[in-house]
Amino acid sequence: MILFPAVDILDNRAVRLLYGKRDLVTDYGDPAELAAKWADLGAEYLHVVDLNGAFDDSAVNRETLKRLIKEVKIPVQLGGGIKTLDKIKFYLEEVGVTRVIVGTACVTAPEVADKACALYGNKIVAGIDCKDGFVAIKGWVEKSALTAEKVALDMKERGSDTVVFTDISRDGALTGVNVDATVSLAEKTGMNIIASGGMSSISDIEKLMQKNVYGAILGRAIYNKNIDLTEALELVKRG
């Protein structure tokens, strides 16, 4: 299993949000320094989110993102307001991110998802954020009529093989990852599912490993030291 320490960026600062709400924010300093810290501890992949992009399509974090990618020498998957082919090309070809997470566009702009997957294949990751069983879009402020399974299978047909699956009701709350929903999505789609939302202890990682889940994003749990990243990385390395 791959562990993805999360670096969420708002107004050029590394932050954590509770339940994805912009006003429930904790500041953790310089994003590039934080990313370097996780890499130095042994992380092999980072999960970075441009929150300004997700909330209002702002490019305010662009230079900070460029610096982070340049300074941190491990792969980065990036999400947050990436709704156009131009943005996807920019981040993959000019900034140098390894994978781009497409969320809202999977639902509202299928033609963008079609073209992106045709051009970049498995460098395109489906970002599927669920609330009460349905996919939420536009920075989680709107709920669609689509299920996670439907969106995932559509992306699989286009050529994507990976999904970041977030249970919004658990995000940042340290209430435990939604193992059942994560495993169900993996079984129904045959895709690589990265669990996100609610990771609270090393036992969450163990539960996901037992079910052969592809990956997990670690956010507030490693910031608050509920999970020791070094210990967690050693656990998954042992298998």
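## Helix α11 and two other spots

In helix α11 (residues 229-238), the buried residues (under 20% relative accessible area with a 1.4 Å probe, protein chains only) include Leu229, Ala232, Leu233, Leu235 and Val236. Looking down the α11 axis, the buried residues fit within an arc of 155° (taken from the directions from the helix axis to the C-beta atoms), so they line one face of the helix. This is a predicted model, where local features need pLDDT of at least 70, side-chain atom pairs count only at pLDDT 80 or more, and totals for chains, interfaces and linings use all residues. Numbering runs from 1 along each chain as its sequence is written, and side-chain values use heavy atoms, with hydrogens and water left out.

**Around α11**
- Lys237 and Arg238 are exposed (over 50% relative accessible area) and sit on the face turned away from the buried side of α11.
- Cover for the buried residues of α11 comes from elements including β1 (2-10), α1 (31-40) and α9 (202-210); contact here means heavy atoms within 4.5 Å.
- Asp228 caps the N-terminal end of α11, with a side-chain oxygen 3.1 Å from the backbone nitrogen of Thr230.
- After α11 comes Gly239, with a positive phi near 80°.

**Thr182 in α8**
- Thr182 belongs to helix α8 (residues 179-189).
- Thr182 counts as buried because its relative accessibility is 2%.
- Leaving out residues up to four places away in sequence, Thr182 touches Phe165, Ile193, Ala195, Leu208 and Val213.

**α3 against α4**
- α3 passes α4 in a right-handed crossing, meaning the near helix is turned clockwise from the far one by less than a right angle.
- Arg62, Leu65, Lys66 and Ile69 of α3 meet Lys87, Phe90, Tyr91 and Val95 of α4.

Conventions
Helix = DSSP H or I, 4+ residues; strand = E, 2+ residues; numbered from the N terminus. Polar contact = N/O pair within 3.5 Å; in protein donor to acceptor, adjacent residues only side chain to side chain.
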